[in-house]
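This note is written for a colleague who wishes to read the structure alongside a short commentary. Please consult the sequence and the structure below while going through the points.

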Amino acid sequence: MEKSVLPLPSDKDLKDLISQLPDDILVHMLSFLTLKEAVRTCVLSHRWKYLWPFFRGSLNFDDPDTMWDIADEKKKMKFERKKFIKRVNRILKLLRGSNLDEFRVCFEFDNNFKDLIDGWVDFAISKGVKRLELDFSPTEACEGAKSYTFTHDRFTSVETSVGVSCIKYLTSLTLLYVNVTGKLLEHILSNCPLLERLYVSQSTDLVNLKIWGSSLRLKYLHITQCIYFKSIEIYAPNLESFGLVGGIKETQVNYAPRLLDLHVGGPKPLQYAICPLSSYLSQLQSLVLNIWISRMQKLELPTIQTLTNLRHLTLRVLASDRESLIGLIPLIEAAPFLQKFTLVLSWGEPMIDRELRKVMKRPNKHLKEVEIIGFVGRPIDIDLTIYLLESAIKLEKIVITPRCPALLGTPWEFNQIEKNEHAIKAAKQLKKYLPRGAELLIL
């Protein structure tokens with residue numbers, strides 16, 4: 001007897017099945033969509049028209065194309081900001097849900113818009129938002145204004161609508177060009193038991209910070225380019241990724257047994273960034289170092305222990321053409337099991353012609369991938385690239401991006417045509433150094 005095969009439901013039947021689901025389930029389904037997609041569901045039926053305002057997914061207010069046009073003076077900031085504000089306010093007025101997964105605002109705002117932004121933050125926190133991001137990075141046309149400031153009392157008072165009880169759902173907090181004090185960050189950490197990610201960049205109010213607590217769930221902590229930042233003290237049992245970029249004076253990492261990823265460096269010599277973390281270097285799997293090299297600040301590497309667990313090393317180097325990157329080789333050779341090496345080179349003129357410098361090669365059996373971003377095809381980066389190609393005997397591929405790192409992803413990425421063409425020509429000449437079977441990709 002043959003088994004009967006049930007026919008697949010038609011699109012109409014499937015639509016009817018979805019329509020029979022309870023409102024709570026339909027609203028939960030909406031949370032997997034973008035806000036724009038959720039709004040479009042209102043055309044499905046009369047019922048869906050009244051469901052999307054209960055959207056509780058990700059509110060992502062970002063307009064990168066407009067920001068690039070403003071920076072390029074194709075559009076006027078005042079007019080575009082007014083449109084942006086109107087759009088955000090209109091959507092927030094329509095939303096009636098009790099929860100929110102993410103609230104993200106990326107546009108140029110300063111402290112002149114404090115009342116407006118306070119209202120937006122109040123809205124997000126009152127909805128029990130899990131991930132909050134405020135990125136108020138200025139365009140060139142708007143630099144110099146005072147950054148928006150987080151008000152301390154607004155988050156610490158039990159009498160306000162966004163007080164202590166409302167911030168407890170935060171799992172991620174990202175602040176760029178937002179002034180916030182160490183005292184407020186410490187308060188947030190102590191009152192947000194679920195917080196796992198904290199990123200702060202370009203805050204002029206951040207001076208001292210103490211991250212301390214055996215119950216902290218914090219896994220990701222990055223503080224970058226906070227010019228008045230003096231000291232940080234850390235006791236974080238779950239911390240896996242730590243970033244500290246800038247001219248900080250005092251770093252104390254008392255307890256971070258799970259630390260695997262580290263990003264440090266700045267204008268000071270490298271030992272100032274590395275030495276306070278020396279006891280954790282051997283356990284790292286990923287390391288990013290920001291290094292400045294100039295006539296005034298020569299490359300001075302501290303004594304580096306063997307980095308037996310390191311698999312990915314990234315060097316972000318700011319240097320002039322007269323310098324050599326050969327001095328970075330001891331960092332590479334300190335990681336005997338390194339699998340990927342990335343160089344991000346921000347290169348400055350004047351151009352200096354010199355002979356290529358050679359160095360004794362040590363065979364590297366584990367390095368599989370090399371990435372050079374900002375390749376200029378001059379002795380400054382050719383020296384190091386040839387060393388890598390000749391020493392990495394098991395190399396599988398090298399990826400070269402011959403464009404300025406600061407311009408990647410912007411409308412001006414391909415503006416420097418003459419420099420790019422020279423770099424591409426130089427990159428193609430590296431084929432003769434490739435190990436057998438390795439691939440050269442020029443992006």
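The numbered points below move from the chain as a whole to single residues.

1. Overall composition. The model is a predicted one. Its chain contains 13 helices and 19 strands. Of the 443 residues, 47% count as buried. The exposed area of the chain is about 23400 Å², and 53% of that is supplied by carbon and sulfur atoms.

2. Contacts along the sequence. Among contacts in the chain with a separation of 6 or more, 67% are made by residues 24 or more positions apart. Two residue pairs, discussed in points 8 and 9, give examples of positions that are 25 residues apart in sequence.

3. A parallel sheet. Which strands form the open sheet, and in what order? Three strands take part, in the order β8-β10-β12, and their pairing is parallel. The edges are held by β8 (208-212) and β12 (250-255); each has a single partner strand, so one side of each is left without a neighbour in the sheet. On average, neighbouring strands of this sheet are turned by 5° against each other, direction ignored. As background, strands of a sheet pair through backbone hydrogen bonds, in either a parallel or an antiparallel manner.

4. Strand β8 in detail. Five bridges join β8 to strand β10 (residues 231-235) in the parallel sense. Opposite I211 stands I234 of β10, and opposite W212 stands Y235 of β10. The side chains of β8 alternate: L209 and I211 are buried and point to one face, whereas N208, K210 and W212 point to the other face and are not buried. On that second face, K210 lies over the face of W212, at 5.3 Å from the ring centre.

5. A second charge over a ring. R197 is placed over the face of Y220, with a distance of 4.3 Å from the ring centre.

6. Aromatic pairs. The count of aromatic pairs comes to eleven. One of them joins F84 and F107, which are stacked at 4.4 Å centre to centre with 20° between the planes. This pair links distant parts of the chain: F84 belongs to helix α6 (residues 77-94), while F107 lies in the loop between β2 (102-106) and α7 (114-126), 23 residues apart. Both F84 and F107 are buried. A further pair, F109 with F136, is edge-to-face, at 5.7 Å centre to centre and with 80° between the planes. F109 is in the loop between β2 and α7 and F136 is in the loop between β3 (131-135) and β4 (148-149), so this pair ties together parts that are 27 residues apart in sequence. F109 and F136 are each buried.

7. The aromatic cluster. Which residues are linked into a cluster by ring pairs? They are F84, F107, F109, F113, W120, F136, Y148 and F150. The stacked pair F84 and F107 and the edge-to-face pair F109 and F136 thus have their residues in one cluster.

8. T34. This residue sits in the loop between α2 (23-30) and α3 (35-40). Is T34 buried, partly exposed or exposed? Its relative accessibility is 42%, and it therefore counts as partly exposed. T34 and L59 are 25 residues apart in sequence, and their C-alpha atoms are 7.7 Å apart in space.

9. K183. Helix α9 (residues 182-191) contains K183. Because its relative accessibility is 60%, and exposed means over 50%, K183 counts as exposed. The C-alpha atoms of K183 and N208 are 8.1 Å apart, with the two positions 25 residues apart in sequence numbering. N208 is one of the β8 residues that are not buried.

10. Positive phi values. Two residues other than glycine deserve inspection of their backbone. For Y177, phi is near 55°, a positive value; this residue is in the loop between β5 (172-176) and β6 (178-179). Y177 has 25% relative accessibility and so counts as partly exposed. For Q225, phi is near 50°, likewise positive; Q225 is in the loop between β9 (220-224) and β10. With a relative accessible area of 37%, Q225 is partly exposed.

Methods:
Residues numbered from 1 in each chain as written. Predicted model: local features only at pLDDT ≥ 70, side-chain atom pairs only at ≥ 80, totals over all residues. Heavy atoms only, no water. Helix = DSSP H or I, 4+ residues; strand = E, 2+ residues; numbered from the N terminus. Buried < 20%, exposed > 50% of the residue type's maximum accessible area, 1.4 Å probe, protein only. Contact = heavy atoms within 4.5 Å. Areas by Shrake-Rupley, 256 points an atom, 1.4 Å probe, with all protein chains shown as cover. Pairing = 2+ DSSP bridges. Axes fitted to C-alpha atoms, helices over the stretch in contact; angles between N-to-C directions. Phe/Tyr/Trp six-rings, centres within 6.5 Å; stacked < 30°, edge-to-face > 60°. Lys NZ or Arg CZ within 6 Å of the ring centre and 35° of its normal.
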